[in-house]
Amino acid sequence: MFVNLSPLLFMILSLLILSSPVSHQGSLTAFNFAQAALAKGHQVKRVFFYRDAVYNASSLAIPAQDESNMPTLWRNLATEHHIDLVVCVSTAIRRGMLDEKDAQRY
């Protein structure tokens, strides 16, 4: 007797994003992958932004009207599906992404 287990497979995913939301397609591709995985019933537990991908966490950048607003898309997805969005602190600081406390510290 053959039992098809594929509908029963459930994955818990963590994603590593390395590319900037403006200079590469990688962030949008990862976002689309996360949406597709969620639509199939999988769980995206965490998204880690490293290197130039830390710009996905910036609410200061305003994309052109014909471009995706990746920081907003990631935040909305995270809120809707309870996904942890994690930014590498040292990488963000190297790229000038500081709050007031860190700016005074450094």
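The legends below describe close-up views of a predicted model.

**Figure 1. Confidence along the predicted chain.**
The mean pLDDT of the chain is 87. A pLDDT of 70 or more is reached by 92% of the residues. Among the elements of the chain, strand 2 has the highest mean value, at 96. The lowest mean, 76, belongs to helix 4, which covers residues 100-105. Where pLDDT is low, the predicted coordinates should not be read in detail.

**Figure 2. The largest nonpolar core.**
This core is made up of 17 residues. Those with the most contacts inside the core are Ile 17, Val 44, Val 47, Trp 74, Leu 77 and Ile 83. Two or more residues come from each of strand 1 (12-17), helix 1 (26-39), strand 2 (43-49) and helix 2 (70-81). Helix 1 contributes the most, with five residues. In soluble globular proteins, nonpolar side chains tend to be buried together.

**Figure 3. Surroundings of Val 47 in the core.**
Val 47 is one of the residues with the most contacts inside the largest nonpolar core. Leaving out residues up to four places away in sequence, Val 47 touches Leu 15, Ile 17 and Trp 74, among others. The list of its contacts also includes Ile 83, Asp 84, Leu 85 and Val 86. Of these partners, Ile 17, Trp 74 and Ile 83 are also named among the residues with the most contacts inside the core.

**Figure 4. Ile 83, a buried loop residue.**
Ile 83 sits in the loop between helix 2 and strand 3. Its relative accessible area is 7%, under the 20% limit, so Ile 83 counts as buried. Apart from neighbours within four places in sequence, Ile 83 is in contact with Leu 38, Val 44, Lys 45, Arg 46, Val 47, Leu 77 and Ala 78. Ile 83 and Val 47 are 36 residues apart along the chain, and their C-alpha atoms are separated by 7.3 Å.

**Figure 5. His 82, an exposed loop residue with positive phi.**
His 82 lies in the loop between helix 2 and strand 3 (84-87). Phi of His 82 is near 55°, a positive value in a residue other than glycine. Most residues other than glycine have a negative phi. With a relative accessibility of 68%, His 82 counts as exposed, whereas Ile 83 is buried.

**Figure 6. Ala 78 on helix 2.**
Ala 78 belongs to helix 2 and counts as buried, at 10% relative accessibility. Not counting residues up to four places away in sequence, Ala 78 touches Ile 83 and Leu 85. Ala 78 and Lys 45 are 33 residues apart in sequence, with a C-alpha to C-alpha distance of 9.4 Å. Both Ala 78 and Lys 45 are in contact with Ile 83.

**Figure 7. Arg 51 in the loop between strand 2 and helix 2.**
Phi of Arg 51 is near 55°, a positive value in a residue other than glycine. The relative accessible area of Arg 51 is 46%. This value lies between the limits of 20% and 50%, so Arg 51 is partly exposed.

**Figure 8. Two partly exposed residues of helix 1.**
Gly 26 is found in helix 1 and is partly exposed, with a relative accessible area of 34%. The C-alpha atoms of Gly 26 and Ala 53 are 9.1 Å apart, with their positions 27 residues apart along the chain counted as sequence separation. Gln 35 is also in helix 1; its relative accessible area is 38%, which is partly exposed. Gln 35 and Asp 99 are 64 residues apart along the chain, and their C-alpha atoms are separated by 30 Å.

**Figure 9. The largest pocket.**
The volume of this pocket is about 160 Å³. The lining has 13 residues. Pro 21, Val 22, Tyr 55, Ala 61 and Pro 71 lie nearest the centre of the pocket. By type, the lining residues divide into eight nonpolar, four polar and one charged.

Terms used:
Residues are numbered from 1 along each chain as its sequence is written. This is a predicted model: local features need pLDDT of at least 70, side-chain atom pairs count only at pLDDT 80 or more; totals for chains, interfaces and linings use all residues. Side-chain values use heavy atoms; hydrogens and water are left out. A nonpolar core is a set of buried Ala, Val, Leu, Ile, Met, Phe, Trp, Tyr and Cys residues joined through side-chain atoms within 4.5 Å. Buried means under 20% relative accessible area, exposed over 50%, partly exposed in between (1.4 Å probe, protein chains only). Helices (H or I, at least four residues) and strands (E, at least two) are DSSP runs, numbered from the N terminus. Contact means heavy atoms within 4.5 Å. On a 1 Å grid over the protein atoms alone, a cavity is a set of points where a 1.4 Å probe fits but cannot get out, and a pocket is an open set with protein on both sides within 12 Å along at least five of seven lines; lining residues have an atom within 4 Å of a point. Grid points are joined across faces, edges and corners, and a volume is the space filled by probe spheres set on the points. Ala, Val, Leu, Ile, Met, Phe, Trp, Tyr, Cys and Pro count as nonpolar, Asp, Glu, Lys and Arg as charged, and the others, Gly among them, as polar. pLDDT is the predictor's confidence in each residue, from 0 to 100.
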